Amino acid sequence: MGRVSGKVALVTGAASGLGRATAKRLAAEGAQVMIADINETRLAEARDEIAQPGGQAMLHVLDVTSEEAWERAVAETVAAFGKLDILVNCAGVLSIADIESETFEKWSWQHRVNLDGVFLGMKHGFKAMRQGGTGGSIINFSSVLGILSLSNIAAYSSAKGGVRAITKSAALHGGPLGIRVNSIHPGHVRTEMVIDGVSAADYPDEVWQKLAEQYPIGRVGEPGDIADAVLFLASDESSFVTGLEMVVDGGYSIQ
Ligand SMILES: NC(=O)c1ccc[n+]([C@@H]2O[C@H](COP(=O)([O-])OP(=O)(O)OC[C@H]3O[C@@H](n4cnc5c(N)ncnc54)[C@H](O)[C@@H]3O)[C@@H](O)[C@H]2O)c1
C-alpha cells in the first residue's frame, strides 16, 4: 500500500526537474498522476519514465498562464481518473536580473508563469476538489527566494513572494472545505533551472563548489529531496498541516 494510494494528482512543470521527480514519487507511492507541462516532447519522456516501473500517468499539454487551458487540464484529469485529490503547482521560470536591468517583458513573464499560473491552478483545482467532496491537498512551489532575496533575482523573488502569500489566503479559505494548501521553498536544487546557469559560467565546477559551501548540510539539493517533502504534504500524513511554508534548503536560510 503506497503512501498516496487511491489518490489522483495533477502535477505541473512535470516535464523536467522537480515536477518530474515529484510526479514519479507520487506515482511510485500509488497515485494516479496527470502530468502537465508546456514542453510536449519532454512530457512524453516523463510519462514513459513513470510508466516503466508500473506507475500510472497520463500527460496533458498545459500552458499554466491560460485559464482556458487550466479548465481543460482539470476536466481531463477528472474525466480520466474520476476526481482530483492533489494539485502540485510546480511549473516555473527564472531570469537573473536586478531591479535596474530586468525588462518589463521578463518581469511580466515570470509573474504570469510563477504567480498567475498558481492562482489559476488553485482556482480550478478548488472547484474540482469541492465537487469530489473529500477535500484535497495543494502544494505551491515558491522558493527560499520568496522569503529572502538576492540583488539579481528581482522579478523571480517578487513572484515567489506572491506564491507564499496567496498560499496562506487559499489555506484559510480551504480549511473548512477540507482542502489543505501549503507552499514549498527549496534552496538550490540540481535541475536544469540551476544547471543551465552554472554551465554558462567559465568554471562550472568552482561554482558548484561555492554553492555547496553556502549550505550547512554541505551540498545543494537533489530533486528527490524536494519530491519527498511534496509527498509528505500530499499524503494524509500531513492532514493537520495547512498554510505551512515548508523550507527544504539544507539550512541555507537560517544563517
Ligand atoms: N531548482 C531550484 O533550485 C529551485 C529552487 C527553488 C524553487 N524552484 C522552483 O521549483 C519549480 C520547478 O523548477 P525546476 O528546478 O524543476 O525547473 P525546470 O526548469 O527543470 O522545470 C520547470 C518546468 O516548468 C515548465 N514550464 C515553464 N513555463 C511553463 C508554462 N507556461 N506552462 C507549463 N509549464 C511551464 C518547463 O517546461 C519545465 O518543464 C519552479 O517553480 C522553480 O521556481 C526551483
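**Around the ligand: a short tour**

Hi everyone, let's start with the binding site: 29 residues surround the ligand, with S16, D37, Y156, V189 and T191 the closest, where being near takes a heavy atom within 4 Å. Please keep in mind that this is a predicted model, where local features need pLDDT of at least 70, side-chain atom pairs count only at pLDDT 80 or more, and totals for chains, interfaces and linings use all residues. Residues are numbered from 1 along each chain as its sequence is written, and side-chain values use heavy atoms, leaving out hydrogens and water.

Now the polar contacts, meaning pairs of N or O atoms within 3.5 Å. T191 has a side-chain N or O atom 2.4 Å from a ligand oxygen, and a polar side-chain atom of S16 is 2.5 Å from an oxygen of the ligand. On the backbone side, a polar atom of L62 lies 3.3 Å from a ligand nitrogen.

How much of the ligand's area does the protein cover? Of the 830 Å² accessible on its own, 91% is covered, using Shrake-Rupley with a 1.4 Å probe.

Which elements give two or more residues to the shell? Those are α1 (17–28), α5 (154–174) and α6 (192–199), with helices taken as DSSP runs of H or I, at least four residues, numbered from the N terminus. Of the elements, α6 gives the most, three residues.

By class, you'll find 15 nonpolar, 10 polar and four charged residues in the shell; Asp, Glu, Lys and Arg are the charged ones, and Gly counts as polar.

Finally, domain 1 (8–185 + 223–246) and domain 2 (187–220) each supply at least three shell residues, with bounds from an automatic or database assignment. Thanks, everyone!

Conventions. A polar contact is a pair of N or O atoms within 3.5 Å; within protein, one must be able to donate a hydrogen and the other to accept it, and residues adjacent in sequence count only if both atoms are side-chain atoms.
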